[in-house]
Amino acid sequence: MGSFSEAADGYEYAIVDITTANSTDQEISVSSLLQMECKDGRGFSYSGSLTAMSQLDQAYPQGSSLGPGEERRGKVPYEIPTDAEPLYWMFEFSVLVNGYKTFWQLR
């Protein structure tokens, strides 16, 4: 990360390296801001850090469309408290309706 995007005191960056794939026959849109977040064991949610994202090599493109059969890989940074445990990354498959979510444990 560049010097412009250092985490605040008591915080650190969790950088999630993700790959999304479109296995449908229609174009889909994937939003790192609307569909992805980190959550901790206390129930707090953390959105991606746009400031830190601008400093990353190969950041996941915000609001990118995926054509049928296409894959996209990139990194999404989250500024989280250093003591946030356990820590999960969440992806919500539908933006328009409260739908299906999946969680992966980061630590």
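These notebook entries record what I looked up in a predicted model.

**Entry 1: the open sheet**

I began with the strands and their pairing. Strands of a sheet pair through backbone hydrogen bonds, either parallel or antiparallel. In this model I found an open sheet of four strands, in the order 4-3-7-8, with antiparallel pairing. Strand 4 (45-46) and strand 8 are the edge strands, each pairing on one side only.

I then followed strand 7, which covers residues 87-92. How many of its six residues are buried? Five of the six are, and I noted the strand as mostly covered.

Strand 7 pairs with strand 3 (residues 36-40) in the antiparallel sense, over five bridges. I looked up one position of this pairing and found Asp40 opposite Leu87 of strand 7. Strand 8 (residues 101-105) also runs antiparallel to strand 7, and five bridges join the two. Here I recorded two positions: Glu92 stands opposite Lys101 in strand 8, and Tyr88 has Gln105 of strand 8 as its bridge partner.

**Entry 2: aromatic rings and Phe91**

Next I turned to the aromatic residues. A pair of aromatic rings is described by the distance of the centres and the angle of the planes. The search of the whole structure gave four aromatic pairs. Which residues do ring pairs link into a cluster? The members are Trp89, Phe91, Phe93, Tyr100 and Trp104.

From this cluster I chose Phe91, which is found in strand 7. Is Phe91 buried or exposed? Its relative accessible area is 9%, and buried means under 20%, so I entered Phe91 as buried. I listed its contacts without counting residues up to four places away in sequence: Phe91 touches Val30, Gln35, Met36, Tyr100, Lys101, Thr102 and Trp104. Phe91 and Trp104 are 13 residues apart in sequence, and their C-alpha atoms are 8.7 Å apart in space.

**Entry 3: the nonpolar core and Trp89**

I asked which residues have the most contacts inside the largest nonpolar core. They are Ile18, Met36, Val76, Tyr78 and Trp89, in a core of 17 residues. Strand 1, strand 3, strand 6 (71-81) and strand 7 each supply at least two residues of this core.

I looked more closely at Trp89, again leaving out residues up to four places away in sequence. Trp89 touches Val16, Ile18, Met36, Glu37, Cys38, Tyr78, Thr102, Phe103, Trp104 and Leu106. I noted that Met36 appears among the contacts of Trp89 and among those of Phe91.

**Entry 4: Ser31 in its loop**

Where is Ser31 placed? I located Ser31 in the loop between strand 2 (28-30) and helix 1 (32-35). Its relative accessibility is 6%, so Ser31 counts as buried. The side chain of Ser31 makes a polar contact with the side chain of Gln62, at 3.0 Å. Leaving aside neighbours within four places in sequence, I found Ser31 in contact with Met36, Gln62 and Gly63.

**Entry 5: salt bridges**

How many salt bridges does a search of the whole structure find? The search gives five, and I looked up several of them.

In one of the salt bridges, Glu12 joins Arg107, with the closest N and O atoms 2.8 Å apart. Glu12 lies in strand 1 (residues 11-21) and Arg107 in the segment after strand 8, so this pair ties together parts that are 95 residues apart in sequence. I recorded both residues as partly exposed: Glu12 has 26% relative accessibility, and Arg107 has 31%.

A further salt bridge joins the side chains of Lys39 and Glu37, at 3.5 Å from N to O. At 21% relative accessibility, Lys39 counts as partly exposed, whereas Glu37, at 18%, counts as buried. The limit of 20% therefore places the two partners on either side of it.

I also entered the salt bridge between Asp40 and Arg42, whose closest N and O atoms are 3.4 Å apart. Asp40 counts as buried, because its relative accessibility is 5%. I had already met Asp40 in the sheet, opposite Leu87 of strand 7.

Definitions and conventions. Residues are numbered from 1 along each chain as its sequence is written. This is a predicted model: local features need pLDDT of at least 70, side-chain atom pairs count only at pLDDT 80 or more; totals for chains, interfaces and linings use all residues. Side-chain values use heavy atoms; hydrogens and water are left out. Buried means under 20% relative accessible area, exposed over 50%, partly exposed in between (1.4 Å probe, protein chains only). Two strands pair if DSSP finds at least two bridges between them. Rings of Phe, Tyr and Trp (its six-membered ring) pair if their centres lie within 6.5 Å; planes under 30 degrees apart count as stacked, over 60 as edge-to-face and the rest as tilted. Contact means heavy atoms within 4.5 Å. A polar contact is a pair of N or O atoms within 3.5 Å; within protein, one must be able to donate a hydrogen and the other to accept it, and residues adjacent in sequence count only if both atoms are side-chain atoms. A salt bridge is a side-chain nitrogen of Lys or Arg within 4 Å of a carboxyl oxygen of Asp or Glu. A nonpolar core is a set of buried Ala, Val, Leu, Ile, Met, Phe, Trp, Tyr and Cys residues joined through side-chain atoms within 4.5 Å.
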